[in-house]
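Student: I should like to understand how the descriptive terms used for a protein model are justified. May we take them in turn?

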Amino acid sequence: MLGYLVRRILAAIPVMGVVALFVFLLLRLTPGDPAAILAGDNATPEQLDRIRTSLGLNEPIYIQFYTWVAKLLHGDLGVSLISNKPILEMIGPRLEPSISVALATIVLSILVAVPLGVIAAWKHGTWIDRCVMGLSVLGFSVPVFVIGYVLIQVFAIDLRWVPVQGFKSISAGFGPFFERIILPTCTLSFIYVALIARMTRASMLDVLGEDYVRTARAKGIGETGVLLRHALRNAAVPVITVIGSGFALLISGVVVTESVFNLPGIGRLTVDAVLARDYPVIQAMILLTSGIYVAVNLLIDLAYTLLDPRIRY
C-alpha cells in the first residue's frame, strides 16, 4: 500500500510542474500590464519602470519563473498586487466557508442520493424508478441560482427561519454557523443528489445482473444484504469518482452559489482577482485548485485499491 501511494505521489509531481509552467506563461503572455494597474492611468513612464523593476518584470522570463518556483518551494505564494497582502493570508480566511459548504454538501448528497440510486435500480422500471429519474432530470435542469433564490425567498424571507446571507465561523457557535450554511448546502445538494443518484442507479444496474449476485440470492442471503454487501460495493467505484470530482469542484469554489449567499469563499476570491488582473493571486488560486484535484485523485485511487482486490499495489 505504501509503495503504491509513493508511486502515485511521484507521478503527480510532474503534473503540478506542468501546471505551474502553463499558469506562469499564460498569465505573463496575456495582454495587460500589472505595473499600469498599480500605478493608475496618470502614471509616468519613469514610475511604471520603477514598479516593473520592483516586481521583477524587467527580468528575463526564465529568471522570473525560477524566482517564482523558488518562492513556491519555500511556501511563499507571493503578494497581491492590489491589496499588497501575502496571498496565504488572503486564502486562509476563505478556506473555512468553502470547505464547510463542500463537506456539508457532499455528506448530504451521499446520504440522500446513494439510497435513492440503490432503490431506483432495485425497482427498475417501476414508478419509484421513474420518480427518482424525474427528480434527477429536474436537478440537472434548474439553474443553481434559481434554486438558491427560491430557498432564500421561502425559508429566509417568508418563514424567517434562517438569515438571508453571510457566513459565521464555527468558532462563533454551531448554531449561527449551521444557520448560514444550510441554504447553500441544500442549493448545491440539489444538483449533486441528481448526479450521484443517476450514477449509483446506472452502476447498480450493471452489477445486479452479474453471476455473483444471483449466487448470493440462491444462497438465501436477504435482499438487503445482496444490495448492500455484494452489489453496492462492486458498483461503488464509478460513484466514488463522481463524488471525489464533485468535492474537488466544491472546494475550489462554486462562484454562483457564493455570490448568491454572499459567502467569502475561494471562488469569489478567484473572480475578484481575475477582474482586478491580480496575477499573483490568480496563479496561486489555479495552483491551489490543481493541487486539490490531484489530492482528490490520489484519494480516489486509494479507494479503488480498497474496494477492488484485483488492483495490485
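Tutor: We may. This is a predicted model, and the protein has 13 helices and zero strands. Of its 313 residues, 37% count as buried.

Student: What makes the pair of Phe-174 and Phe-177 tilted?

Tutor: The structure holds five aromatic pairs. In the pair of Phe-174 and Phe-177, the ring centres are 6.2 Å apart and the planes meet at 45°. Rings pair if their centres lie within 6.5 Å, and planes under 30 degrees apart count as stacked and those over 60 as edge-to-face. The angle of 45° meets neither of these limits, and therefore the pair is called tilted.

Student: Where do Phe-174 and Phe-177 lie?

Tutor: Both belong to helix α8, which covers residues 174-208. They are three residues apart, about one turn of the helix.

Student: Why is Phe-174 called exposed?

Tutor: Its relative accessible area is 55%. The term exposed requires a value over 50%, so Phe-174 qualifies.

Student: How do you know whether Phe-177 is buried or exposed?

Tutor: Phe-177 has a relative accessibility of 8%. Because buried means under 20%, Phe-177 counts as buried.

Student: Which term describes Phe-178, and why?

Tutor: The relative accessible area of Phe-178 is 41%. That value falls between the limits of 20% and 50%, so Phe-178 is partly exposed.

Student: Why is the pair of Phe-174 and Phe-178 called stacked?

Tutor: Its centres are 5.8 Å apart, with 25° between the planes. The distance is within 6.5 Å and the angle is under 30 degrees, and therefore the pair counts as stacked. Phe-174 and Phe-178 are four residues apart in helix α8, a separation of about one helical turn.

Student: Which residues make up the aromatic cluster?

Tutor: Phe-167, Phe-174, Phe-177 and Phe-178 form one aromatic cluster.

Student: What makes Lys-123 a residue that lies over the face of Trp-122?

Tutor: Lys-123 is at 4.3 Å from the ring centre of Trp-122. The distance limit for NZ of Lys is within 6 Å, so this value satisfies it. An angle to the ring normal within 35 degrees is also required, and Lys-123 is classed as lying over the face of Trp-122.

Conventions. Residues are numbered from 1 along each chain as its sequence is written. This is a predicted model: local features need pLDDT of at least 70, side-chain atom pairs count only at pLDDT 80 or more; totals for chains, interfaces and linings use all residues. Side-chain values use heavy atoms; hydrogens and water are left out. Rings of Phe, Tyr and Trp (its six-membered ring) pair if their centres lie within 6.5 Å; planes under 30 degrees apart count as stacked, over 60 as edge-to-face and the rest as tilted. Helices (H or I, at least four residues) and strands (E, at least two) are DSSP runs, numbered from the N terminus. Buried means under 20% relative accessible area, exposed over 50%, partly exposed in between (1.4 Å probe, protein chains only).
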